[in-house]
Number of protein chains: 2
Amino acid sequence: MTDTMQALLHPRSVALIGASPDPNKLNGRPFHYLRRDGYEGAIYPVNPKYDNIDGVPCYKDIASLPEAPDLAVIMVSARLVDDIVMALGERGTPVALVVSSGYSETGAEGRQKEQRLIETARAHGVRICGPNNLGLISAFDRMAATFSQYAFEPPLAGPIAFASQSGALGTGIAYLARSRNLGFGYFVTTGNQADITIMEVLERIVDDGRISVLSAYIEGLRPGDGASLVHLASRAMQAGKPLIVTKVGRNKTGARAAQSHTGSLAGEDRVFDGVLRQHHVIRARHEEHMLDLMSVLSRCPVPEGRGVAIITQSGGSGVLMADRADELELDVPILAPATQDKLTAVLPHFAATANPVDVTGQFLADPNMLSDSIKIVLDDPEIHICVVWLQLMGQYAATLVDLFKELRESIDKPLIICWVGAPESAVHALNEAGICLLETTERAIEAAAGLARFGEMRRRYADHKPAVAPPVVEEAKACGNAEPVNSLAAAAALMAYGLPIVESALAKSPDDAKRLASQLGFPVALKIESADLPHKTEAGGVRLGIADEDAVALSGEEILSAARVYAPDARVDGLLVQKMVEPGVQLVLGLRQDPVFGPVIMAGIGGIFVEILDDVVFARAPVTPDEAKRMLGRLKARAMFDGVRGAPPVDLEAIIQLLCNLSDFALAHPQVAELDLNPVFAGPDGAVIVDWLMLANNGSLNALRPDEQKIA
Amino acid sequence: MTDTMQALLHPRSVALIGASPDPNKLNGRPFHYLRRDGYEGAIYPVNPKYDNIDGVPCYKDIASLPEAPDLAVIMVSARLVDDIVMALGERGTPVALVVSSGYSETGAEGRQKEQRLIETARAHGVRICGPNNLGLISAFDRMAATFSQYAFEPPLAGPIAFASQSGALGTGIAYLARSRNLGFGYFVTTGNQADITIMEVLERIVDDGRISVLSAYIEGLRPGDGASLVHLASRAMQAGKPLIVTKVGRNKTGARAAQSHTGSLAGEDRVFDGVLRQHHVIRARHEEHMLDLMSVLSRCPVPEGRGVAIITQSGGSGVLMADRADELELDVPILAPATQDKLTAVLPHFAATANPVDVTGQFLADPNMLSDSIKIVLDDPEIHICVVWLQLMGQYAATLVDLFKELRESIDKPLIICWVGAPESAVHALNEAGICLLETTERAIEAAAGLARFGEMRRRYADHKPAVAPPVVEEAKACGNAEPVNSLAAAAALMAYGLPIVESALAKSPDDAKRLASQLGFPVALKIESADLPHKTEAGGVRLGIADEDAVALSGEEILSAARVYAPDARVDGLLVQKMVEPGVQLVLGLRQDPVFGPVIMAGIGGIFVEILDDVVFARAPVTPDEAKRMLGRLKARAMFDGVRGAPPVDLEAIIQLLCNLSDFALAHPQVAELDLNPVFAGPDGAVIVDWLMLANNGSLNALRPDEQKIA
C-alpha cells in the first residue's frame with residue numbers, strides 16, 4: 001500500500017483534475033508552477049476540453065490516465081468532486097488535494113456535502129487534504145500544487161515547515177517569510193481539515209533533516225486532535241526541533257455545559273495554553289510574532305541560558321530593551337568585572353560597560369569597537385544571547401554587514417541584530433546571509449525570549465524525558481450526562497489513588513452523627529450527603545467547627561430541615577461528619593474530560609484568588625512531578641506557597657504528589673467527567689482534601705459505590 | 001525681552017558657531033540644511049577660519065555679528081562653549097542650542113562642566129537647549145538646525161510635534177515616521193536637558209494650529225519636571241490634542257530609602273504610570289508603538305466609543321484580531337440584525353456578517369462589496385472604528401487604494417487598514433493619502449485601542465474638567481530625615497481632614513488601659529505607642545480582640561515587657577486602646593512625597609493581595625472623586641468591592657471620599673514625607689482606618705502634637 005504522506009508530500013506523479021492552460025486562472029496555476037519550477041515527477045492534466053496543455057498530454061478522465069497518480073489535485077466544482085474521488089480510489093491513488101470550495105465553510109448544506117465527500121473517500125481508500133484549501137508546496141521537490149499567490153514566484157526552499165488551516169493568512173505569512181529570505185521547505189494548507197490534519201502532515205516532516213523549525217497556524221481543534229498535537233510536540237522535542245503554534249480564538253470560553261467549578265474554569269484556550277506549555281510548544285501570539293520566532297529559531301544556535309547582553313549606540317534604546325527583557329523574564333546581568341575591564345580597554349572612556357553596553361557613536365570611526373565588544377560580552381559565561389541595537393547608518397551599511405558576517409563565523413552564541421530604520425541594502429544582505437535581523441526593540445527582545453525559552457524546553461526535555469507516546473485513554477463521554485457521585489463512593493475511589501481525603505464518616509441521623517463525631521474528635525464539620533445536592537452550601541447543608549455532641553445533633557437537625565426546604569424531592573443519604581482541618585493555603589484542584597485533550601488536571605489557589613483572579617492553570621494527564629511543579633509555579637499567587645506573614649512554607653512536594661495522583665486517577669477513570677477538590681488545605685506537613693464533587697457518566701456510579709461507611 | 005521659545009522654535013536669525021563649509025562634516029550640516037531648505041531668516045556662520053561660506057559672510061566671533069541672533073547653534077569643543085555663551089549673552093541672544101558633547105554624559109567631570117555651563121548661561125541671560133543634543137527642526141519654517149541624519153533629506157512638515165531626549169533614537173523614530181509620510185512639524189532633541197526640557201518645548205507648541213499630535217521620548221525626569229509634565233498634559237487636553245509619551249526605565253524601582261509600606265511600593269515607574277493615566281497621557285511602550293499611535297491619532301477622527309467592526313477576507317485573521325481586541329478591552333459587538341441584513345444584501349450567502357465580517361475572496365470580483373460593507377458597519381451606532389484586514393493583492397493594489405481614498409471622503413468614523421504583505425505601491429499611496437495603514441494584525445488592533453482610549457480621555461476630560469493648573473505645593477524635603485510621628489498626633493491631624501480613624505485612646509499604663517477599654521466597649525485592640533517603634537507587630541506590640549478588663553491589663557503588661565526586650569531604649573508613650581472593627585475588605589492607602597511628582601496617593605487592596613500581587617495604584621494629588629474611582633477600578637482584585645461569597649458590596653463612595661481627603665491632607669502637609677493607612681477596613685457602611693504610620697520631616701512634629709489623649 002502506498003504511504004499517504006509520502007504521496008502527499010513527495011508524489012512521483014501529480015494529476016491536475018480540471019487543469020486549465022491559462023496560467024492566469026486559478027486552475028491553470030498548479031500546472032504552470034510545476035513546469036516553471038522543474039518538478040521532476042510526472043504531470044497529468046485531466047480535462048476533457050483539451051488534448052494537451054503546453055505540449056503535455058491532457059487526459060479526458062481519471063480512467064484514461066497511464067498510471068494511478070500518487071497525488072491528485074482536484075480543482076473542479078464541488079458537485080463533481082465525489083465522482084472523481086471514487087474514480088481515483090478505483091485507480092489506487094492514495095490521496096487527493098481538494099481545493100474546491102463550497103463545503104462546511106458555507107453552512108449546514110455544505111457540512112453535509114463535506115460529510116458525504118469524506119464517506120466516499122473512506123469507502124474508496126482515498127485520503128483527503130482539504131477541502132477548501134489552497135494546496136501545498138513541497139519546495140525541495142519543486143512541487144507547488146497550489147493556488148496560493150505565494151507561488152507567483154518560485155518557492156524558496158528552506159529549513160522551515162509551515163502548515164496552516166487558513167490559506168489566506170498562510171499565504172500572507174509565507175510571503176512575508178520570503179521577503180525575509182526565510183525559506184519554507186514545506187508549506188501546506190489544510191483548509192477545512194475534513195480528513196488530513198496539520199498534525200499528521202507535520203509529524204511526517206519532523207525527521208526531515210532539511211527542516212529545523214516546525215510551525216502551524218491553527219483555527220480549531222476537533223476531538224482527537226489534542227492527542228495528535230501532543231504526540232507531534234513530543235516527536236519535535238525528540239528531534240530537538242522547535243514547534244511554533246499560533247491558534248486563534250484565545251479568549252473564547254468554550255460554550256459547554258459545566259456543573260463543576262473545574263468545568264466552568266476550563267475555558268477552551270486556558271486548557272490549550274496549559275497543554276502547549278506542558279508539551280514544550282512555543283506559542284506565537286500573531287503572525288508577526290510567528291515570523292520573528294521562525295527567523296530567530298532557524299538562524300540562531302540554541303542558547304544555554306537566559307542571560308542577555310544588550311549592546312547599543314544609544315543609552316535610551318538599551319534601557320527600553322532591558323525593560324522589555326525584564327518583563328519577559330530574561331536576565332540582563334551586570335557584566336562581570338573582568339568582562340567590563342575588557343570592554344573598557346576597547347571602548348571610549350565614557351562608554352557604558354555594565355549592560356546594556358553603550359559603545360557610543362565612536363564605533364563608526366572604528367567598527368572593531370563593535371565586533372570586539374560583541375565577542376567580549378559573549379565570552380562572559382553569564383551571557384547566552386547578544387542583542388545589538390543600531391539605527392539608520394545608511395553610509396555604513398556595507399561595513400556593518402561585513403562585520404556581522406565575519407562575526408558569525410567566530411561566535412557560537414546567538415546574535416540578534418535590532419536595526420531601527422535599517423537601510424534596505426543591509427536588510428537584504430543580512431537576510432541573504434541568514435543573520436537574524438529584527439527591526440524594532442520590542443521584537444528583538446521578544447525573539448530573544450522565544451529563543452531562550454526553546455533552550456529551556458530542550459534542557460527540561462532532556463532532564464525529564466516523558467514517555468514517548470502518552471497513554472491512550474478511552475474517549476470521554478459527553479459531559480451532559482454526568483451525574484454527581486455520592487461523597488463516600490467518590491472518596492473511596494480517590495483514596496484508592498492515594499488522594500488524601502479528610503477523615504470523614506457518614507451518619508444516618510443527627511444522633512448517629514453525635515456518635516461518629518465523638519469517634520473522630522472535635523471540632524467537626526457536618527455536611528448534607530445527597531447526590532441530588534452537589535452544591536451543599538447553597539442548600540444550607542454545611543456547618544463548620546462544631547465543638548461538641550449537642551451542637552452536632554442540633555446542627556444535624558438544622559441541616560436536614562434546610563435541605564428539605566431547599567429541595568423537597570432530594571434523596572438524602574445522611575450527614576457527612578468530618579474532622580476539622582488546619583486551614584493553611586487553600587487550593588482548588590480538579591479534573592475534567594476536555595473534548596479535545598481528554599483528561600486535564602487543574603490547579604489553582606482557592607478562596608478569593610480563584611474567585612477574583614481566576615488563578616488556575618491546566619495540564620493534560622499524565623502529569624509528571626516536574627510538570628506539577630511547573631503548574632504551581634505558573635500561579636499568580638504562587639508566593640503564597642512560601643508562607644506569608646511568618647507562616648511556614650507549605651509542603652510543595654505533597655501538592656505535587658497530589659496532582660500526580662489526581663492525574664493517575666483521571667487516566668484510570670474516563671467515566672469521571674468532572675471532579676472538584678475544593679478546598680484542599682495545604683500546610684507545612686502535607687495537604688488534605690476537605691470537600692470534593694465528582695460527576696460521572698451514567699451507569700458508572702455503581703462501580704464506584706463502596707460498602708464502607710467510614711473514610712480514613 | 002525676547003521670548004525664548006519663540007526664538008528657539010521660530011528664530012528670525014540663526015548664528016552657526018563653528019560652522020564648516022563642508023556639508024559632509026557634522027558642523028557643516030546645519031548651514032547646508034538651512035540653505036537647501038530655503039530657511040527665510042538670516043544665517044550667520046561664525047568661524048574665524050573663513051570669510052564666507054558658500055557666499056554667505058562668515059564672522060570671526062560673536063561680537064562681529066551685525067545683530068544679536070535669535071538662536072545660536074554652538075558646534076565647538078566643550079572647552080570653548082562657556083565663553084561663547086557669555087558673548088551671546090552680552091549681545092542679547094536669548095537661547096543657544098549646545099550640540100557640543102563632553103558634559104554629564106561622560107561622568108563626574110562632565111557633570112561639573114555642565115553645571116558651570118548652566119551657571120554661566122544663567123548669569124548672562126541665555127537659555128540652553130542641550131548640551132549633547134542633535135539640535136532641532138522647525139519644519140514649517142524650514143529651519144533644520146541639527147546634526148541629525150534625519151535631515152539628510154529635507155524635513156517633511158506635518159501635524160506631529162516630537163521632542164526627544166535621545167538624539168539617536170529620536171532620529172530613528174523621525175526617519176521611520178517619514179517613511180510612513182508622517183510629517184513632523186517640530187522635531188526637537190533636548191539631550192542632557194540641563195536647562196530647557198521637553199515639557200517646556202511642547203507646551204509652547206500645544207496651541208499651534210498646524211499640530212494635532214504631541215509626542216515625547218523621555219529618558220528621565222528631575223525634581224520639578226513632574227509638575228511641568230502634568231501641566232503640559234492638561235494644556236494638551238484643553239487643546240483637544242493627544243500627548244503620547246514613551247519613557248524608558250519602566251521596571252526600575254527607585255533606589256530611595258523608604259520606611260513605610262507606601263514608600264517601598266512606590267517604584268518610580270509605578271508612580272509615573274499612575275500619573276500619566278490620571279492626566280490623560282497616552283503611553284507608548286516602544287518606538288514602533290509610538291509611531292503607530294502617531295499614525296492613527298494624526299490620521300483618524302476621534303471615535304465616540306470602543307465598538308470595533310473587523311472586516312476581513314479570511315476568518316482566521318478576524319478571530320486573531322478579535323482576540324487581541326478583547327485583551328485590550330475593545331468591544332467587538334455582534335452587529336445589529338438590521339446591519340447584518342444590509343450586509344447579507346451585498347455579500348455572498350456564505351459570508352460571515354456577525355463581526356468579524358468575512359467578505360470572502362469574492363470581493364475581488366466586485367470591490368464594492370468591500371466599500372459597501374465598510375459603510376454599512378460604520379452606520380451601526382454601536383460601531384465606532386472599522387478595521388479592515390487584507391493580505392497581498394498585488395494586482396488589485398491600485399483598485400483598493402482608490403476604493404479607500406473614495407471611502408474616506410464619505411465616512412466620518414475611523415478606518416484602519418491592516419494589510420499584511422501590502423504591495424509597496426499600496427503602502428506608498430495610502431501613506432501619501434494620509435490613510436492609516438498598519439501592516440500586522442497586532443499593531444492594527446493596538447492602534448484602534450489607542451484611538452479609543454484617546455476618545456475616552458477627551459470625553460472624561462470634558463466631563464470632569466480639572467483645575468487648569470494644579471496647586472503649587474511646597475517642595476518635599478528629602479525623605480531621609482523623616483521620623484515617625486506619634487499616633488495620637490498623627491490621628492488628630494488626619495481627622496482634621498475628615499479621615500475616619502477608629503475610636504482610640506492613649507493609656508499611660510495597663511491599669512489606665514482597663515479604664516479606657518471599658519469606656520470604648522469590648523472587644524478592643526491594644527498597641528504599643530512609641531515613635532521609636534513604628535513597626536509595632538515586629539516588636540510584639542499588638543494584641544487584637546481583647547474581650548475584658550483583666551485581659552486588657554494582662555495584655556498591656558505583656559506588650560510593655562515585649563517592647564522592653566525588643567528595644568530597651570525605645571521611648572514608650574503608653575498603650576493605644578482601640579475599639580475592634582468589623583474586618584470587611586482590607587485596604588492599604590497611603591501617601592508619599594515623590595521627588596518628581598510631589599505628593600502622590602496610593603490605593604491598594606491589603607493583606608494577601610498587596611503582599612503577593614503588589615496590588616496598588618498611584619495618582620498625584622490633587623485626586624478628584626472621579627480619579628479616585630478610576631484608581632480603585634485599576635486594582636487587580638477590584639472585584640472584591642462588589643462583595644465576594646454573598647458579602648454585601650462595599651461603600652465605594654466612602655473609599656473615594658477617603659482618598660480625596662487624603663489628597664487634601666497631602667497637599668496641606670508637605671512636611672509629611674510618608675503615610676501608611678494600613679489596614680483600612682471597608683464595609684457596606686463606610687471605611688475605617690485601623691492603623692496608621694506617619695513619617696514627617698524634622699521639626700514638624702511639634703506642630704502636629706495635640707493636647708488630647710483620646711481620639712473620636
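For the angle quoted below, helix and strand axes are lines fitted to C-alpha atoms, with angles running from 0 to 180 degrees between N-to-C directions. With that in hand, take helix α16 (residues 441-463) of chain A: it lies across β15, β17 (385-391), β18 (415-420) and β19 of chain A, at about 170° to β17(A). Keep in mind that this is a predicted model. Here's a quick tour of the sheet under that helix, a helix in chain B, and how chains A and B go together.

**The sheet in chain A**
- The sheet is an open one of 5 strands, ordered β16-β15-β17-β18-β19 in chain A, and the pairing is parallel.
- At the edges stand β16 (357-358) and β19 (437-438) of chain A; each has a single partner strand, so one side of each has no neighbour in the sheet.
- Strand β15 (residues 308-312) of chain A runs parallel to β16(A), and 2 bridges join them.
- Zooming in on that pair, A:Ile311 has A:Val357 in β16(A) as its bridge partner.

**Helix α12 in chain B**
- Helix α12 (residues 337-346) of chain B has a buried set made up of B:Thr339, B:Gln340, B:Lys342 and B:Leu343.
- Those residues span an arc of only 160° around the axis, so they sit on the same side of α12(B).
- Flip to the other side of α12(B) and you find B:Pro337, B:Ala338, B:Asp341, B:Thr344 and B:Ala345, which are exposed.
- What do the buried residues of α12(B) pack against? Their partners are β16 (357-358) and α13 (368-379), both in chain B.

**Where chain B meets chain A**
- On the chain B side, 47 residues are in contact with 46 residues of chain A.
- Five helices of chain B each put at least two residues into the side touching chain A: α5 (167-179), α10 (287-299), α11 (315-327), α16 (441-463) and α20 (608-613).
- The top contributor to that side of chain B is α11(B), with 7 residues.
- By residue type, the side of chain B that touches chain A has 17 nonpolar, 18 polar and 12 charged residues.

**How the two copies are related**
- A turn of 180° with a shift of 0.0 Å along the axis lays chain B on chain A, with an RMSD of 0.1 Å.
- That is what a two-fold axis does.
- In chain B, the C-alpha nearest the axis belongs to B:Phe609, 4.5 Å from it.
- The copies meet through the same surface, because 98% of the interface residues of chain B are interface residues in chain A too.

Conventions
Residues numbered from 1 in each chain as written. Chains lettered and ligands numbered in written order. Predicted model: local features only at pLDDT ≥ 70, side-chain atom pairs only at ≥ 80, totals over all residues. Contact = placed C-beta atoms within 7 Å. Helix = DSSP H or I, 4+ residues; strand = E, 2+ residues; numbered from the N terminus. Nonpolar A, V, L, I, M, F, W, Y, C, P; charged D, E, K, R; others polar. Pairing = 2+ DSSP bridges. Buried ≥ 20, exposed ≤ 12 C-beta atoms within 10 Å, placed from the backbone. Arc of directions from axis to C-beta. Least-squares fit on C-alpha atoms with pLDDT ≥ 70 in both.
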